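Open the model in a viewer and keep a selection box ready. The stops below each begin with something to select.

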Amino acid sequence: MTPDVETIVIGGGVVGLAIARRLAVRGSETLILERHDRIGSETSSRNSEVIHAGIYYPHGSMRARLCVEGKKQLYEFAAENGISVNRCGKLVVATSDEDMSALETIAARAATNGVSDISLLNRTQAQQMEPNLECIAALHSPSTGVIDSHGLMTALEGHLTENGGQVVLSTEVLGIALSNGGNFAITARSGSDETAHTTLITCRNLIMAAGLEATRVGNLLGAGWREGYAPPQTYPAKGHYFTLSRRAPFTHLIYPVPSGAWLGVHLTLDIAGQAKFGPDLLWIDDVDYSFDDPQGARCRQFASEIQRYWPGLPADKLQPGYTGIRPKIYRRGEPAADFAIHGPETHGVANLIALYGIESPGLTSSLAIGDVVVDRLLGPPAE
Ligand SMILES: Cc1cc2nc3c(=O)[nH]c(=O)nc-3n(C[C@H](O)[C@H](O)[C@H](O)COP(=O)(O)OP(=O)(O)OC[C@H]3O[C@@H](n4cnc5c(N)ncnc54)[C@H](O)[C@@H]3O)c2cc1C
């Protein structure tokens with residue numbers, strides 16, 4: 001039977017948008033189904049908006065490869081589409097002798113990942129760049145920057161619609177079934193409480209890009225998966241951000257050396273140059289965006305971490321900002337997992353690609369993820 005639409009993408013975050021845009025540009029009739037009334041209102045608008053260089057991730061991992069490729073594409077895409085970026089660079093700072101070996105490890109990893117513009121600075125050189133910084137040494141990553149993530153998502157939606165695609169908002173996918181003809185039958189509920197109605201729509205290809213809901217959406221296919229396959233479990237990990245109620249005296253992003261899978265309380269700048277600090281890392285049971293700071297304890301913890309590299313921080317100017325939640329697919333204490341992009345060879349279902357664990361650097365990698373997913377679905381583009 002002819003399906004209603006060729007391809008459906010579940011999830012209108014930056015990754016779903018980048019995939020859908022690529023599908024539409026390659027000529028596949030594409031619809032995004034997004035449960036909220038705006039695009040990108042979950043993780044894609046609750047992050048640091050950093051274009052990462054690709055220096056931290058294990059060599060050969062998808063996170064390393066797609067970050068380096070995605071960064072290049074993102075700067076080009078931003079320039080072509082008038083999206084604000086600030087290629088401000090970043091300093092990863094060592095504040096103790098123990099941090100020095102971590103800096104060397106990062107520099108070596110950056111080189112194996114193909115990031116060749118990293119330089120090691122001594123204290124004086126680092127302070128020439130940032131006079132208010134305290135450190136014993138720093139790594140300078142000049143290709144790191146920040147992007148207007150909303151501008152990016154609006155531009156991706158624009159390309160999608162120009163190429164015949166569409167984002168259908170306020171539409172939550174509640175059921176997925178496989179028909180005998182190999183099409184997918186999607187049950188979705190649309191509209192607000194008073195006007196809610198259920199629709200059945202069929203498609204030939206299906207992309208699951210549901211972020212924190214990836215496991216739940218995957219489980220909707222139930223027995224449709226190959227025997228023995230189950231969508232990876234998602235473990236949410238919250239991060240809080242504090243903002244600074246005055247201008248920070250820094251022009252680079254400032255990161256401490258990472259601690260395990262966590263990058264530490266870092267200073268990032270938004271596109272207007274306003275500083276924010278975070279995110280921290282709090283493993284949680286359920287998705288909940290509340291900002292928790294019992295008796296100011298979190299604020300004090302942030303202040304003491306920031307003062308290691310910025311002793312002049314006026315701690316009374318830290319203000320609760322917002323939270324974001326990482327869709328991790330590994331438990332606390334386990335080694336960090338790579339992005340999981342599962343196609344038929346993994347789960348046994350033709351014409352379906354499911355994405356799990358697309359945490360940082362998912363924003364940076366979004367355009368490159370779009371290419372990988374669409375090339376796997378449609379085959380490489382004709383030359
Ligand atoms: C604290 C934090 C900081 C980060 N900082 C950076 C950074 O600086 N740089 C970087 O590169 N990356 C960063 N990231 C990672 C980046 O933000 C994510 O990788 C990226 O936003 C993921 O996009 P997504 O589209 O996969 O997910 P989302 O933005 O979560 O989109 C998924 C969408 O699916 C929709 N959905 C879910 N279930 C359904 C359903 N049943 N029906 C319909 N729609 C559904 C949701 O409503 C949502 O809009 C950060 C992440 C976090 C949490």
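Start by selecting Ala230. Its C-beta atom has 11 C-beta neighbours inside 10 Å, so Ala230 counts as exposed. This is a predicted model. Ala230 sits in the loop that runs between helix 6 (214-219) and strand 13. Now add His347 to the selection: its C-alpha atom is 7.9 Å from that of Ala230, although 117 residues separate the two along the chain.

**The two domains**

Colour the protein chain by domain. Domain 1 takes in 5-47 + 150-232 + 336-378, and domain 2 takes in 90-142 + 235-328. A distance drawn between the C-alpha centres of domain 1 and domain 2 comes to 32 Å. In the contact, 10 residues belong to domain 1 and 10 residues to domain 2. On the side of domain 1 that touches domain 2, the residues are four nonpolar, four polar and two charged.

**The nonpolar core**

Next, select Ile10, Ile19, Val93 and Met208. Within the largest nonpolar core, which has 104 residues, these four touch the most other members. At least three residues of this core come from each of domain 1 and domain 2. In soluble globular proteins, nonpolar side chains tend to be buried together.

Stay on Ile10 and show its surroundings. Which residues does Ile10 touch, not counting those up to four places away in sequence? They are Leu33, Val173, Ile207, Met208, Ala209, Ala210 and Val217. Met208 thus appears again, as one of the residues that touch the most other members of the core.

**Around the ligand**

Move to the ligand and select the 41 residues around it; Gly11, Gly13, Gly211, Gly324 and Gly362 come nearest. By kind, the shell around the ligand holds 15 nonpolar, 18 polar and eight charged residues. Domain 1 and domain 2 each contribute at least three residues to this shell. At least two shell residues are supplied by each of helix 1 (14-25), strand 10 (171-178), strand 18 and helix 9 (362-378).

**Along strand 10**

From the shell, pick out Leu174, which is in strand 10. Is Leu174 exposed, partly exposed or buried? With 13 other C-beta atoms within 10 Å, Leu174 is partly exposed. Apart from neighbours within four places in sequence, Leu174 is in contact with Thr187, Ala188 and Arg189. For a long distance line, add Val146: the C-alpha atoms of Leu174 and Val146 are separated by 35 Å, with the two positions 28 residues apart along the chain.

**Helix 7**

Select helix 7, residues 297-307, and show Phe302, Ala303 and Ile306, which are buried. Those residues lie on the same side of helix 7, because they cover an arc of only 100° around the axis. An α-helix has 3.6 residues a turn, so residues three or four places apart point the same way. Turn the helix round to find Ala297 and Ser304, exposed residues on the face away from the buried side. Then bring in the partners: the buried residues of helix 7 pack against strand 13 (235-244), strand 16 (275-278) and strand 18 (318-328).

Step back along the chain to the loop between strand 17 and helix 7, where Gln295 lies. Gln295 is not a glycine, yet its phi is positive, near 50°. Gln295 counts as exposed because 7 other C-beta atoms lie within 10 Å.

**Another positive phi**

Now select Asn351, in the loop between helix 8 (344-347) and strand 20. Here too phi is positive in a residue other than glycine, with a value near 65°. Asn351 has 19 C-beta neighbours inside 10 Å and so counts as partly exposed.

**Two cis peptide bonds**

Show the backbone from Gly278 to Pro279, where the peptide bond is cis and omega is near -5°. Pro279 belongs to the loop between strand 16 and strand 17 (282-283). Strand 16 is one of the strands that the buried residues of helix 7 pack against.

For the last stop, select Ser360 and Pro361. What kind of peptide bond joins Ser360 and Pro361? The bond is cis, with omega about 10°. Pro361 is in the loop between strand 20 (352-356) and helix 9. Helix 9 supplies at least two residues of the shell around the ligand, and Gly362 is among the residues that come nearest to the ligand.

Definitions and conventions
Residues numbered from 1 in each chain as written. Predicted model: local features only at pLDDT ≥ 70, side-chain atom pairs only at ≥ 80, totals over all residues. Buried ≥ 20, exposed ≤ 12 C-beta atoms within 10 Å, placed from the backbone. Helix = DSSP H or I, 4+ residues; strand = E, 2+ residues; numbered from the N terminus. Arc of directions from axis to C-beta. Contact = placed C-beta atoms within 7 Å. Domains from an automatic or database assignment. Nonpolar A, V, L, I, M, F, W, Y, C, P; charged D, E, K, R; others polar. Core = buried A, V, L, I, M, F, W, Y, C linked by C-beta atoms within 7 Å. Near = placed C-beta within 6 Å.
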